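Hi everyone, thanks for making time for this. I'd like to walk you through one structure this morning, starting from a question about empty space and working outwards.

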Amino acid sequence: MSTRISCEVRDELPVAVVRLTGELDVDTMRSVHTVLERCLAAQPDALVVDLGRLDVADPLALSIFAAAARRAADWPAVPLVLCAPPPAVASWLNEMTVGRELPVRPDCAGAAALAGAAAAPRLRERLEPVAGACRRARELVTDGCRRWNIPELAGPAALVLTELVGNVVRHAGTPMQVTLTLRRPYLRVAVLDGSPADARAAAAPDLRAEGGRGLMLVRELSQRWGSAPAGTGKVVWAMLPAN
């Protein structure tokens with residue numbers, strides 16, 4: 001993190017708030033990008049960025065917020081709202097594309113209310129790395145697909161989530177958070193664990209082995225999948241079409 005800018009994160013669910021203090025330019029925007037990415041990896045219902053203490057040295061650096069919002073809309077389907085910009089920053093936002101792409105509110109309370117209202121339906125559950133975790137993950141999928149009236153996805157989503165949870169049980173061995181999010185046209189499933197080790201599908205798994213094909217199955221059943229750092233661990237996610 002650059003010493004010219006600091007990011008205070010209040011990541012209590014459901015709405016996370018990032019308060020920026022200091023100077024934003026093309027150098028410090030990299031630090032802001034990293035913080036926003038890690039906040040989004042925790043999958044809050046919404047993310048508010050407080051600009052009240054921000055000094056913008058280069059207006060082009062404001063584009064980092066539009067880029068983060070586009071990324072968040074895809075995965076993990078988290079709305080992003082800016083709030084409390086100083087007068088000069090508010091003027092630049094109005095003149096730039098970022099101001100047309102992102103909602104801006106004069107105070108954090110209004111931004112949090114707007115962001116929360118735009119949140120996607122989401123189910124979360126904490127699981128321990130035990131044998132019954134996979135069964136509970138399947139039950140969560142069944143509950144979500146019934147609640148959201150997408151019964152056709154119960155089977156493939158359960159398979160994908162079972163593999164992601166099973167991977168944590170077998171390899172990470174840490175408590176995990178399972179999250180299901182419906183933002184059409186996709187159902188997103190994700191598992192956050194405490195291990196920083198990358199999740200990678202084997203390019204050519206041993207067909208004689210009993211295991212090692214779980215992430216390959218995730219890849220085949222999903223429109224897209226990936227892994228991102230989250231806290232001291234990572235989150236592995238997958239997106240299934242929900243048309």
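Which elements each supply at least two residues of the lining of the second largest cavity? Keep that in mind for a moment while I say what we are looking at. This is a predicted model, so every value I give is computed from predicted coordinates. The chain averages a pLDDT of 91, and 93% of the residues score at least 70.

Back to the question. The elements are helix 7 and strand 8. Helix 7 has the largest share of that lining, three residues. The full lining of the second largest cavity is Leu164, Asn167, Val168, Val191, Asp193, Leu215 and Val236. By class, that makes five nonpolar residues, one polar and one charged. The volume of this cavity is about 30 Å³.

Now let's see where those two elements sit. Strand 8 belongs to an open sheet of five strands with antiparallel pairing, in the order 6-7-8-10-9. At the edges are strand 6, residues 122-127, and strand 9, residues 224-230, each of which pairs on one side only. On average, neighbouring strands in this sheet are turned by 15° against each other, ignoring direction. Strand 8 covers residues 186-193 and pairs with strand 7, residues 176-183, over seven bridges in the antiparallel sense. If you want one pair to look for on the screen, Leu182 has Leu187 in strand 8 as its bridge partner. Helix 7, residues 154-172, packs on this sheet and touches strand 7, strand 8 and strand 10. The direction of helix 7 makes about 10° with that of strand 8. Helix 1, residues 29-41, lies across strand 8, strand 9 and strand 10, and runs at about 115° to strand 9.

While we are here, have a look at the loop between strand 7 and strand 8, where Pro185 is placed. Arg184 and Pro185 are joined by a cis peptide bond, with omega about 20°. As for confidence, strand 8 has the highest mean in the chain, at 98, while helix 4, residues 97-101, has the lowest, at 83.

Helix 1 leads us to the other empty spaces. How many cavities of 30 Å³ or more does the structure hold? There are two. The largest cavity has a volume of about 40 Å³, and helix 1 gives the most to its lining, with three residues. The residues around the largest cavity are Glu37, Leu40, Ala41, Arg71, Trp75, Pro76 and Ala228. Five of these are nonpolar and two are charged, with no polar residue.

Two names in that lining deserve a second look. Trp75 and Pro76 are joined by a cis peptide bond, with omega about 10°. Pro76 lies in the loop between helix 2, residues 63-74, and strand 4. For background, most peptide bonds are trans, and most residues other than glycine have a negative phi. On that second point, Gln43 has a positive phi, near 55°. You will find Gln43 in the loop between helix 1 and strand 3.

Next, a pocket. The second largest pocket holds about 170 Å³ of space. Among its lining residues are Val9, Asp11, Arg38, Cys39, Leu192, Asp193 and Thr232. Helix 1 and strand 8 are the elements that give two or more residues to this lining. Sorted by class, the lining has five nonpolar, four polar and three charged residues. Asp193 is in the lining of this pocket and also in that of the second largest cavity.

There is another sheet to show you. Five strands form an open sheet in the order 1-2-3-4-5, with mixed pairing. Its edge strands are strand 1, residues 5-10, and strand 5, residues 104-105, each pairing on one side only. Strand 1 and strand 2, residues 15-24, pair over six bridges in the antiparallel sense, and Ile5 stands opposite Gly22 in strand 2. Helix 3, residues 87-95, packs on this sheet, touching strand 3, strand 4 and strand 5, and its direction makes about 120° with that of strand 3.

Last, a stretch to treat with care. Over residues 207-211, pLDDT stays under 50, and the model has one contact for them beyond four places in sequence. That's everything from me, so over to you for questions.

Conventions. Residues numbered from 1 in each chain as written. Predicted model: local features only at pLDDT ≥ 70, side-chain atom pairs only at ≥ 80, totals over all residues. Heavy atoms only, no water. Pairing = 2+ DSSP bridges. Helix = DSSP H or I, 4+ residues; strand = E, 2+ residues; numbered from the N terminus. Contact = heavy atoms within 4.5 Å. Axes fitted to C-alpha atoms, helices over the stretch in contact; angles between N-to-C directions. 1 Å grid on protein atoms, 1.4 Å probe; cavity = no way out; pocket = protein on both sides within 12 Å on 5 of 7 lines; lining within 4 Å. Points joined across faces, edges and corners; volume = space filled by probe spheres on them. Nonpolar A, V, L, I, M, F, W, Y, C, P; charged D, E, K, R; others polar. pLDDT = per-residue confidence, 0-100.
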